[in-house]
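Here are my notes on the model you sent, set out as numbered points so that each can be checked against the coordinates.

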Amino acid sequence: NGGLIVLAYWIQVTGKGVIDSKAALQSTKLPFDGILLTSAFVQPAESIPAYKKMLANFIGASSSYLTSVLTVPANLKTEHVTGCPVKQKEHREDELLFGDASFAWAYHVQNVQKKVLDILMKGDQHDTKLWFAYSSIDKIACPTTNQDIAAALKKSAKDDSLVTVVVRPNEEHEIWNDVGRQEVFDMVGNWVKEQSK
């Protein structure tokens, strides 16, 4: 959820909206030199069954200990994370990666996704330098929603040149870990150097 977290943080610290009323960020205005953003999980690529959403809202809204330990299968397939066989193997063997999502996580993510999308689609003007890349075939984060977000960020920029949008046509969700990752690293490096001038 790195992309979603970055967007939520940026919205909050730039004063565009309140994502989490409990966050200490509210009164903190941090300057950004720029933001790198990839494959933001603002909306899932596949629709989530209604019963899972209802369970997440019903159970996840509770503050009990159970909400953090009760889980639902996330149904993430390694081949949807990356198309690179080496990275797929690393992903499958990583003991820190789990295939389930807690109800508390699901509840919180659904709420943040909605708030982020609503605020971004309002089109409040910004002057932040953004490099935003996403996969056009992403099976985890909705590529159409990411396309809409990219268009909204570009349209709301004070200057069109502030926002760079990169669409990766044949890569999966984690473009940093896919077959063309070196090209992505090079693009990011060049962008960072350009912004530093």
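1. Ser39 sits in the loop that connects strand E1 to helix H2, and in this predicted model the residue has a positive phi of about 40° although it is not a glycine. Ser39 counts as buried because its relative accessibility is 4%, below the 20% under which a residue is called buried.

2. Which residues does Ser39 touch, not counting residues up to four places away in sequence? They are Phe132, Ala133, Tyr134, Ser135, Asp138, Ala141, Asn146, His173 and Ile175. For one of these, Tyr134, the C-alpha atom is 4.4 Å from that of Ser39, although the two residues are 95 apart in sequence.

3. Strand E4, which spans residues 130-135, is mostly covered, with six of its six residues buried. In a regular strand the side chains alternate between the two faces of the sheet. In E4, Leu130, Phe132 and Tyr134 point one way, while Trp131, Ala133 and Ser135 point the other way, and all of them are buried.

4. E4 has a partner in strand E1 (residues 35-38), with which it pairs in the parallel sense over four bridges, and here Leu130 of E4 is the bridge partner of Ile35. E4 is also joined to strand E5 (residues 163-168), again in parallel, by six bridges. Within that pairing Val167 of E5 is the bridge partner of Tyr134, and Phe132 stands opposite Val165 of E5. Between E4 and E5 the chain passes through helix H7 (residues 143-156), and this β-α-β crossover is right-handed.

5. Glu172 is found in the loop between E5 and helix H8 (181-196). Is this acidic side chain's residue, Glu172, buried or exposed? Glu172 counts as buried because its relative accessibility is 11%, which again falls under the 20% limit. Leaving aside neighbours within four places in sequence, Glu172 is in contact with Glu79, His80, Val81, Thr82 and Gly83, as well as with Ser135, Ile137, Lys139 and Asp178. Ser135 is thus named among the contacts of Glu172 and also among those of Ser39.

6. The largest nonpolar core holds 27 residues, and those that touch the most other members are Leu7, Trp10, Val42, Val116, Leu120, Phe132 and Leu153. Helix H1 (2-13), E1, helix H6 (103-122), E4 and H7 each supply at least two residues of this core. Apart from it lies another core, of seven residues, which include Ala133, Val166, Ile175 and Val184. Phe132 therefore belongs to the largest core and Ala133 to the other one, and these two residues point in opposite directions from E4, in keeping with the alternation that a regular strand shows.

7. What is the volume of the largest pocket, and which residues lie nearest its centre? The volume is about 1,300 Å³, and of the 48 residues that line this pocket, Phe41, Ala74, Leu76, Trp105 and Ile140 lie nearest the centre. The elements that give two or more residues to this lining are H1, helix H2 (50-60), strand E2 (71-73), helix H4 (78-81), helix H5 (85-93), strand E3 (100-102) and H6. Of these, H6 gives the most, with six residues.

8. The structure also holds one cavity of 30 Å³ or more, and the volume of the largest cavity is about 40 Å³. Its lining is made up of Trp10, Lys16, Ile119, Leu120, Gly123, Asp124, Leu153 and Ser156, with H6 and H7 each supplying at least two of the lining residues. Trp10, Leu120 and Leu153 appear in this lining and are also among the residues that touch the most other members of the largest nonpolar core.

9. For the chain as a whole, there are eight helices and five strands, and from the N terminus on they run α-β-α-α-β-α-α-β-α-β-α-β-α. Of the 197 residues in the chain, 39% are buried. Among contacts with a separation of 6 or more, 76% are between residues 24 or more positions apart.

Technical notes: Residues are numbered from 1 along each chain as its sequence is written. This is a predicted model: local features need pLDDT of at least 70, side-chain atom pairs count only at pLDDT 80 or more; totals for chains, interfaces and linings use all residues. Side-chain values use heavy atoms; hydrogens and water are left out. Buried means under 20% relative accessible area, exposed over 50%, partly exposed in between (1.4 Å probe, protein chains only). Two strands pair if DSSP finds at least two bridges between them. A crossover is right-handed if, with the strands pointing away from the viewer, the path from the first strand over the helix to the second runs clockwise. Contact means heavy atoms within 4.5 Å. A nonpolar core is a set of buried Ala, Val, Leu, Ile, Met, Phe, Trp, Tyr and Cys residues joined through side-chain atoms within 4.5 Å. On a 1 Å grid over the protein atoms alone, a cavity is a set of points where a 1.4 Å probe fits but cannot get out, and a pocket is an open set with protein on both sides within 12 Å along at least five of seven lines; lining residues have an atom within 4 Å of a point. Grid points are joined across faces, edges and corners, and a volume is the space filled by probe spheres set on the points.
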